[in-house]
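Work through the exercises below with the sequence and the coordinates open. Each task is followed by a solution in steps.

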Amino acid sequence: MKHGGVPNAVTSFVAVLVFLQCSCLSAEVVTCSGIVPMVYRNDKISITDFGGVGDGRTSNTKAFREAIYRIDHLRRRGGTLLYIPPGVYLTESFNLTSRMTLYLARGAVIKATQDTANWPLVAPLPSYGRGRERPGGRYMSFIHGDGLHDVIITGENGTIDGQGDVWWNMWRRRTLQFTRPNLVEFKDSRGIIISNVIFKNSPFWNIHPVYCSNVVIRYVTILAPADSPNTDGIDPDSSSHVCIEDSYISTGDDLVAVKSGWDEYGIAYGRPSNDITIRRITGSSPFAGIAVGSETSGGVTNVLAEHITLYNSGIGIHLKTNIGRGGIIRNITVSDVFMENMRKGIKIAGDVGDHPDENYNPNALPVMKHIRIKNVWGEKVLQAGVIQGLKNSPFTDICLANINLRGSSGPRNVPWKCSDVSGGASQVSPSPCAELISRSQTGACSIPF
Ligand SMILES: *[C@@H]1O[C@H](CO)[C@@H](O)[C@H](O)[C@H]1NC(C)=O
Ligand SMILES: *[C@@H]1O[C@H](CO)[C@@H](O)[C@H](O)[C@H]1NC(C)=O
């Protein structure tokens, strides 16, 4: 059955609307609540108690370090809330501690200094073997948490501003000595909530939970210019039980990218990302909306992304890996996506390049299987999809259903392009590649939709 014609497209559009409405009205709204308990803290201190000044010029580095030292050493029952009143608090990078809430009032801004020369370094992540963009160590994230539990960053939509332009310019001029700092990183931590905060102008990735479990990120806004290099929104990395929802992300790179380490280092470290939920995300990116990869050497299992709205972007859904990565990417479900004005709707690729060094094992082939993409509606999508598996490790059980991606001038756009892939397709327009259609009636997809 062909689905190219306008009347068919209109019919399916109505069908999509009806479907979306029914699923919204009949089912209770599912949320991240419960993955990490929200804690209310009776012990409260303010950054101003430690000499903090919110005039945008005074350095608050000492105030942050002393306030957090106090929380760490007094260890009040139920933890402590650190209140940031309205004002602009300039500071160098700082470490959080366990059992604390960093609370930004309405109008509070925690602003990073631009003193790149004195920015502290931390060791490379073992699953990367080196910094992501430069060999050796990496600049510590602006707000950093290492080995923590029970940490909340929240408030009344105050702002964490990375003032990243100096870093972006160093990248553009190729004068970076080490890998740029993330805006917020939690490493080896659990029980983290990030909500009701605005993240702005990160030097590099915005929010990076790595080797973490039980992380909730909701009601956040993440903003960086479209031409800012590598300003990924949220990158769950070798982490499990991460839930991201109800957020607006518009940056210069992938909005959400699930990762798990890089080539031989990631394979040796062997820490997967699993049980990752991404829902009700809206935004725009010159690269991908929802991505898995390309660093997936520890494997990525059980990702659910649903109710995603993307516009003016590169690729809607991008699953990416490479020869030498190893790692199994499986059980990825993406559903209920609306996209408009995109270069590509869907891309699944096994050859994205980029190795940490020359010591990767060319026989370490990644595996990509059990991928479900369904209920996708696109307008002004230049190319519907590209699926390119690897000759010696074809992608299997790639299943597409109820997908309608219209081109910029009417329903026509660049056809699907596929190689080394098997799976099935049903109700996909424009018609996907023969590798998928020829098996559409045979129940080729192992998990029913
Ligand atoms: C912050 O944490 C990093 C990494 O754990 C550590 O190297 C650094 O010394 C800490 N900095 C301060 C000021 O405590
Ligand atoms: C903060 O922003 C979020 C996300 O945009 C919104 O849902 C929430 O109502 C805002 N909260 C406050 C206190 O303004």
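A residue counts as near a molecule if one of its heavy atoms lies within 4 Å of that molecule. The model is predicted.

**Exercise 1. Ligand 1**

Task: List the residues around ligand 1, sort them by class, and find how much of the ligand the protein covers.

Solution.
- Step 1. Applying the 4 Å limit, the residues around ligand 1 are Arg-65, Asn-95, Met-140, His-144 and Asp-146.
- Step 2. Sorted by class, this shell holds one nonpolar, two polar and two charged residues.
- Step 3. Look for side-chain N or O atoms facing the ligand's oxygen atoms. Asn-95 places one at 2.6 Å from an oxygen atom of ligand 1. For Asp-146, a polar side-chain atom lies 3.1 Å from an oxygen atom of the ligand.
- Step 4. On its own, ligand 1 has 360 Å² of accessible area, and the protein covers 45% of it.

**Exercise 2. Ligand 2 and Asn-157**

Task: Identify the residues around ligand 2 and their polar atom pairs with it, then describe the backbone and surroundings of Asn-157.

Solution.
- Step 1. Around ligand 2 are Arg-106, Asn-157 and Asn-196.
- Step 2. Take the side chains in turn. An N or O atom of the Arg-106 side chain is 2.8 Å from an oxygen atom of ligand 2. For the side chain of Asn-157, the distance from such an atom to a ligand oxygen is 2.4 Å. The side chain of Asn-196 has an N or O atom 3.5 Å from a nitrogen atom of ligand 2.
- Step 3. Ligand 2 exposes 360 Å² when taken alone, and the protein buries 50% of that.
- Step 4. Asn-157 belongs to the loop between β11 (149-155) and β12 (158-161). Its phi is positive, about 60°, although it is not a glycine. Its relative accessible area is 34%, so Asn-157 is partly exposed.

**Exercise 3. Strand β19**

Task: Which strands pair with β19, in what sense, and over how many bridges? Decide also how far β19 is enclosed.

Solution.
- Step 1. Strand β17 (residues 213-218) runs parallel to β19 and is joined to it by five bridges. One position to check is Ile-217, whose bridge partner in β19 is Ile-244.
- Step 2. Strand β18 (residues 221-223) also pairs with β19 in the parallel sense, over three bridges. Here Ile-222 stands opposite Ile-249.
- Step 3. With strand β21 (residues 273-284), β19 forms a parallel pairing over nine bridges. Ser-240 is opposite Asn-274 of β21.
- Step 4. Count buried residues, taking under 20% relative accessible area as the limit. Eight of the eleven residues of β19 (residues 240-250) are buried, so the strand is largely enclosed by the rest of the structure.
- Step 5. Now inspect His-241, which is in β19. With a relative accessible area of 38%, His-241 is partly exposed. Its phi is positive at about 55°, although it is not a glycine.

**Exercise 4. A four-stranded sheet**

Task: Give the strand order of the open sheet that contains β13, and name its edge strands.

Solution.
- Step 1. The order is β5-β10-β13-β16, with parallel pairing.
- Step 2. β5 (94-95) and β16 (207-210) each pair on one side only, and are the edge strands.
- Step 3. For the link from strand β13 (residues 184-187) to β16, there are four bridges. Among the residues in this link, Glu-185 has His-208 in β16 as its bridge partner.

**Exercise 5. Asn-230**

Task: Locate Asn-230 and describe its contacts.

Solution.
- Step 1. Asn-230 sits in the loop between β18 and β19. At 24% relative accessible area, Asn-230 is partly exposed.
- Step 2. Leaving out residues up to four places away in sequence, Asn-230 touches Glu-133, Trp-171, Arg-180, Phe-204, Trp-205 and Asp-253.
- Step 3. From C-alpha to C-alpha, Asn-230 and Phe-204 are 5.5 Å apart, with a sequence separation of 26 residues.
- Step 4. The side chains of Asn-230 and Arg-180 make a polar contact at 2.6 Å.

**Exercise 6. Cis peptide bonds**

Task: Where do the cis peptide bonds at Ser-294 and Pro-430 lie?

Solution.
- Step 1. Gly-293 and Ser-294 are joined by a cis peptide bond with omega about 0°. Ser-294 is in the loop between β22 (288-292) and β23 (300-320).
- Step 2. The bond from Ser-429 to Pro-430 is cis, with omega near -5°. Pro-430 falls in the loop between β28 (421-429) and α5 (434-437).

Key:
Residues are numbered from 1 along each chain as its sequence is written. Chains are lettered from A and ligands numbered from 1 in the order in which they are written. This is a predicted model: local features need pLDDT of at least 70, side-chain atom pairs count only at pLDDT 80 or more; totals for chains, interfaces and linings use all residues. Side-chain values use heavy atoms; hydrogens and water are left out. A polar contact is a pair of N or O atoms within 3.5 Å; within protein, one must be able to donate a hydrogen and the other to accept it, and residues adjacent in sequence count only if both atoms are side-chain atoms. Accessible areas come from the Shrake-Rupley method with a 1.4 Å probe; for residues, only the protein chains shown count as cover. Ala, Val, Leu, Ile, Met, Phe, Trp, Tyr, Cys and Pro count as nonpolar, Asp, Glu, Lys and Arg as charged, and the others, Gly among them, as polar. Buried means under 20% relative accessible area, exposed over 50%, partly exposed in between (1.4 Å probe, protein chains only). Helices (H or I, at least four residues) and strands (E, at least two) are DSSP runs, numbered from the N terminus. Two strands pair if DSSP finds at least two bridges between them. Contact means heavy atoms within 4.5 Å.
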